[in-house]
Amino acid sequence: RLAATAKRGGSDLMSMELRSRILEELHSLILIDPHTHISALAPASTTLADILGYHYYTELAHSAGMPREQIEDPSITPREKVRRLIENLEPLDNTVQYGWFVEICQALFGFAEDRITSENWEPLYDRAVELMAQDNWAQQVLNKSQLQAVFLTNDFDDPLEGFDTATYIPCLRTDDLVFHLAQAEVRERLERATDSSVTDLASLRAAVTNRFDHFTNRGARACAISLPPDFSPHRISDGRAEHALDALLSAGPDVDPSSSQAVAQSVFWILAEHCDAYQLPFDLMIG
């Protein structure tokens, strides 16, 4: 028994040493975040509501029984939203998301306690507002997080102006082009962005080329799309794609499902070919 205890003690010591060494190596890394939804023109949060409003936390609150309307009402203030969320996160303080929030508050706002509760959240909220109002707050967060760069999620018609594309790296998000081209608003946005009309398959390809030129000339390093579970990309003939696109341009949202699917497959393949030609990774978020 003594030998077994000693052996376990040595194993525990080895585990702690290994843990410390791994963490030390991780802390020495300079990081790049490959996928964010922040606005490069206003990258930093302004209140704790911006953090707790992320779906990781709202979904936890809903799972604890909080009605969606209580935190999605546009008339409530950020402070009130935080109060309501904190009250509903207390039963979930054994979750990793709760732990992340506490660590964020400790690392960035000087929060000195281990739990955020209905009794102590208000001073934390006020301190966070004060710090977040600083002109260089976004850069402070990058420095403390050891983040060198973050990849954005940019609509195809984003002008990509007014920010440092070496730190906030553009990424061409293409869901609208693949799945929503039947909507007049999407086609109008594409026409305004490219200064040309989509009337056939050739003009559609030219519009995609225009967007790839625009994005790569401004530092884009990836193209991305979220694929629904029922989408299976297949290469289709130009003749079928042309016929389906004609139907889509004529009928708009009332286009038959077969033509809509054929256009989506065609545009997806055009994007994949452009990613190959422009040497951009195609980030597929499947399902």
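Let's start with Arg 79. It is partly exposed, with a relative accessible area of 29%. Keep in mind throughout that this is a predicted model.

What does Arg 79 pair with? It forms a salt bridge with Asp 126. The closest N and O atoms are 2.8 Å apart. Asp 126 is partly exposed too, because its relative accessibility is 39%, and that value falls between the 20% and 50% limits. Now look at where the two residues sit. Arg 79 is in helix H5, residues 78-89, and Asp 126 is in helix H7, residues 121-132. So this pair ties together parts that are 47 residues apart in sequence.

Stay on helix H5. Arg 84 makes a salt bridge with Glu 80, again with the closest N and O atoms 2.8 Å apart. Here both partners lie in H5. They are four residues apart, about one turn of the helix. Glu 80 is partly exposed, at 23% relative accessible area. And this pair has company. Glu 80, Arg 83, Arg 84 and Glu 87 are linked in a network of salt bridges.

How many salt bridges does the whole structure hold? The search finds 14. As general background, side chains of opposite charge can pair when their charged atoms come close.

One more pair deserves time: Asp 175 with Arg 173. Their side chains meet in a salt bridge, 2.6 Å from N to O. Are these two buried or exposed? Asp 175 is buried, with a relative accessible area of 16%. Arg 173 is buried as well, also at 16%. Both count as buried because the cut-off is under 20%.

Arg 173 sits in strand E4. What does it touch, leaving out residues up to four places away in sequence? The list includes His 35 and His 37. It also includes Thr 153, Asn 154, Asp 155 and Phe 156. Then come Ala 224, Ile 225 and Ser 226, and finally Met 285.

That brings us to the sheets. Take the one with E4 in it. Three strands form an open sheet, in the order E4-E5-E6, and the pairing is parallel. Strand E4, residues 171-173, stands at one edge, and strand E6, residues 282-286, at the other. Each has a single partner strand, so one side of each is left without a neighbour in the sheet. From one strand to the next, the twist averages 25 degrees.

Strand E5 covers residues 222-227, and five bridges join E5 to E6. Those two strands run parallel. For a landmark, find Ser 226, which stands opposite Met 285 in E6. You have just heard both names, since Arg 173 touches Ser 226 and Met 285.

Which helix packs on this sheet? Helix H13, residues 257-278, touching E5 and E6. The direction of H13 makes about 140 degrees with that of E6.

Now the other sheet. This one is also open, with three strands in the order E1-E2-E3 and parallel pairing. E1 and strand E3, residues 168-169, are at the edges. Each has a single partner strand, so each keeps one side without a neighbour in the sheet.

Walk across the sheet. E1 and E2 pair in the parallel sense over three bridges. Leu 31 has Leu 147 in E2 as its bridge partner. Strand E2, residues 147-151, is then joined to E3 by two bridges, running parallel. There, Val 150 has Tyr 168 in E3 as its bridge partner.

Last stop: back to Leu 31, this time for the surface. Leu 31 is in strand E1, residues 31-33. It counts as partly exposed, at 37% relative accessibility. Which residues make the nonpolar surface patch? Leu 18, Ile 22, Leu 23, Leu 26, Leu 29 and Leu 31. The patch is about 470 Å². Where does the largest share come from? From helix H1, residues 2-27, with four residues.

To recap. On the charged side, Arg 79 pairs with Asp 126, and Asp 175 pairs with Arg 173. For the sheets, there is E4-E5-E6 and E1-E2-E3. On the surface, the patch to find is the nonpolar one that includes Leu 31.

Terms used: Residues numbered from 1 in each chain as written. Predicted model: local features only at pLDDT ≥ 70, side-chain atom pairs only at ≥ 80, totals over all residues. Heavy atoms only, no water. Patch = residues over 30% accessible without salt bridge, like charges linked within 9 Å, V, L, I, M, F, W, Y side chains within 5 Å. Areas by Shrake-Rupley, 256 points an atom, 1.4 Å probe, with all protein chains shown as cover. Salt bridge = Lys/Arg side-chain N within 4 Å of Asp/Glu carboxyl O. Buried < 20%, exposed > 50% of the residue type's maximum accessible area, 1.4 Å probe, protein only. Pairing = 2+ DSSP bridges. Axes fitted to C-alpha atoms, helices over the stretch in contact; angles between N-to-C directions. Contact = heavy atoms within 4.5 Å.
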